[in-house]
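User: Please take a close look at a single chain of this structure, the one written first. I should like a connected account that goes from its overall build to its core, its contacts with its partner and the details of its backbone.

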Amino acid sequence: MHRKTLADIALGLEKKEFSSVEITTSFFERIKQLDPDINSFITVTDEQALIKAKLADKQRANNTASPLAGVPIAHKDIFCTEGVKTTCGSKMLDNFLSPYNATVIEKCEAAGLVMLGKTNMDEFAMGSSNETSFYGPVHNPHNLNCVPGGSSGGSAAAVAAGFAPAATGTDTGGSIRQPAAFCGITGLKPTYGRISRWGMIAFASSLDQAGPMTQNAEDAALLMNVMAGFDPKDSTSSDKPTEDYTAKLNVSLKGKKIGLPRQFFSQGLDPAIEQSVRDALTVYEKLGATLVDIELPNADLATPAYYVIAPAECSSNLSRFDGVRFGHRCENPANLADLYSRSRGEGFGDEVKRRILVGTYVLSAGFYDAYYLQAQKARRLIKNDYLNAFEQVDFIAGPTAPSTAFSLNNEIEDPVAMYLNDIYTIAVNLAGLPALSIPCGIASKLPVGLQLIGNYFSEADLLNAGHQFQQNTDWHTQLLAQSVR
Amino acid sequence: MPLDENQVNNIAQLAHIEINPEDISHYTRDISNILDMVKQLEQASTTDIEPLSNPLEQIQRLRADVVTESNQRDKLQENAPLTEKGLFLVPKVIE
């Protein structure tokens, strides 16, 4: 039961092979039995899930159900869920019951999806290992001594462990794609603005984007059909019409050009990963695509530009946590300044504080031009590199991450080393492009991810490329089979 | 190192974040390392390059100036640490 995809479950429900209550209960049993070793959920919402599942079963019985009604899903704990604890992985929000639903949640609810619970994550989505969570680290279902990646580590681990058929995630610098790669699942970061950010707790508003984390590209397409779309409540939401993201899945890749940036296959890349990725690319050649060497001359600027822009936006966004209206408040404040600084000092963890301090510094008078403005100019150079590349190619491919999942407690002591995990994913957020990570091999018994980057709003093409690969290889099913029991 | 402990204390004050005195040295080291890494940006030739703040260069969309929210004060204050008669309470600001 626990390895059924979204498409399988939807079909099984339609054919009345099982009920939503049955399948939902089976996921809760598995979570209860195995999640203590993985820690992928912060909150399990079993009571309300069963109410929703019963409703879906009733709709199925009357033939009034929408296609995904009664299909379970897990949500990253960054999405506000009405009446349900929404922590963002932080002590700051340990007592926060959201008074409203994020648009992503509203859309999933409207589609009849059944929320199983809220998944663990790096605090405020700041981290690449899920170790900065106030609720403890998540363990990789492929090796419990390894990290699942981050920040959507709980979502990735939950899907890989068979606790949920799919999950939502968010990606500010790689937070969907890197954990998808580390856990052997499929993850899509859509174009900036394609999915509403309303009710998604903000980290860096010009980079944040929600997306699906699934067992395969077809399921990601099904979830995109639910999640994507214009939202008047999000001022940066794109009003470009959405499309049926499943429509192109079976289109031939004959004649497509895939660009391989020299900068993505250079120093720092684990040779075993390079081998897996190169092997995966030969699959694309067999499917009729052509591989082309390309250059992204400003690739080295992505990490430094990101670690100015993201902290700057985070320092501004997280100023709302003041201990007054919601969130953690210190005991017995001596005065208002003490209330602010102790509430924030106690409520935020180390990495969040570090980033707020860096952001405060780079935005302060006298440093703004040298750091923030220069980073925004570098951001344009990076975007221009991609625009130039997409004049020649349909997709850009490379590894999702330079290594496989690393050991717990390995890199958290050195923030800069941790930041380098995202060297292949960060530029995509700076440019606002969509990108997909799919499992493409195994190195040291751990999953390897292939990243495909597309032009703006080319999600359906990326999912087509992912699906065609998965129709001709079995890494995605093989890796799930070797995951936890 | 680009920063010393006094500067970090200063930034922490600006950000309204209390840092325990015993943690200041490791914050200073880590933030300095981050700023060292970020220094690579100096090498970028950005003459005549316009800064990019929104990746799609969207223009901020405006909405009509009409009330769209209903009054949900009681519901919203359920998350507040301390309230009285519909007001958020903070320590005395004016003596």
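Analyst: **A close look at chain A**

In chain A, 76% of the contacts with a separation of 6 or more are between residues 24 or more positions apart. The model under discussion is predicted. Chain A contains 16 helices and eleven strands. Its radius of gyration is 21 Å, close to the 23 Å that the globule rule gives for 485 residues, so chain A is as compact as a globular protein of that length. Along the principal axes, its C-alpha atoms fill a box of roughly 65 × 55 × 45 Å. Of the 485 residues of chain A, 64% count as buried.

The interior may be taken next. In soluble globular proteins, nonpolar side chains tend to be buried together. Here the largest nonpolar core has 164 residues, and those with the most contacts inside it are I73(A), A164(A), A305(A), V308(A) and L357(A). Helix α9 of chain A, residues 302-317, supplies the largest share of this core, with nine residues. V308(A) deserves separate mention: leaving aside residues up to four places away in sequence, V308(A) touches V362(A), Y371(A), Y372(A) and A375(A), and also V38(B) of the partner chain.

That last contact leads to the interface, where 55 residues of chain A are in contact with 42 residues of chain B. The elements of chain A that give two or more residues to this side are α9, α10 (336-347), α11 (350-362), α12 (368-392), α13 (415-419) and α14 (426-431). The largest share, eleven residues, comes from α12(A). By residue class, the side of chain A that touches chain B divides into 30 nonpolar, 14 polar and eleven charged residues.

Helix α1 of chain A, which covers residues 6-14, shows how a single element is placed against its surroundings. Its buried residues are L6(A), A7(A), I9(A), A10(A) and L13(A). Seen down the axis of α1(A), these residues fall within an arc of 165 degrees, so they line one face of the helix. What covers them includes the helices α2 (20-38), α3 (46-61) and α7 (217-227), together with the strands β4 (166-171) and β6 (209-214), of chain A. After α1(A) comes K16(A), whose phi is positive, near 60 degrees.

Other backbone details are found in loops. N39(A) is not a glycine, yet its phi is positive, at about 65 degrees. N39(A) lies in the loop that joins α2 to β1 (41-44) of chain A. Since the cut-off for a buried residue is 20 or more C-beta neighbours within 10 Å, N39(A), with 21 inside that distance, counts as buried.

A positive phi also occurs at N130(A), a residue other than glycine, where the value is near 65 degrees. N130(A) is found in the loop between β3 and α5 of chain A. Because N130(A) has 35 C-beta neighbours inside 10 Å, N130(A) counts as buried. S151(A) is likewise located in the loop between β3 (114-119) and α5 (153-160) of chain A. The peptide bond that leads from G150(A) to S151(A) is cis, with omega near 10 degrees.

Methods. Residues numbered from 1 in each chain as written. Chains lettered and ligands numbered in written order. Predicted model: local features only at pLDDT ≥ 70, side-chain atom pairs only at ≥ 80, totals over all residues. Core = buried A, V, L, I, M, F, W, Y, C linked by C-beta atoms within 7 Å. Buried ≥ 20, exposed ≤ 12 C-beta atoms within 10 Å, placed from the backbone. Helix = DSSP H or I, 4+ residues; strand = E, 2+ residues; numbered from the N terminus. Contact = placed C-beta atoms within 7 Å. Nonpolar A, V, L, I, M, F, W, Y, C, P; charged D, E, K, R; others polar. Rg over C-alpha atoms; globule rule 2.2 N^0.38 Å. Arc of directions from axis to C-beta.
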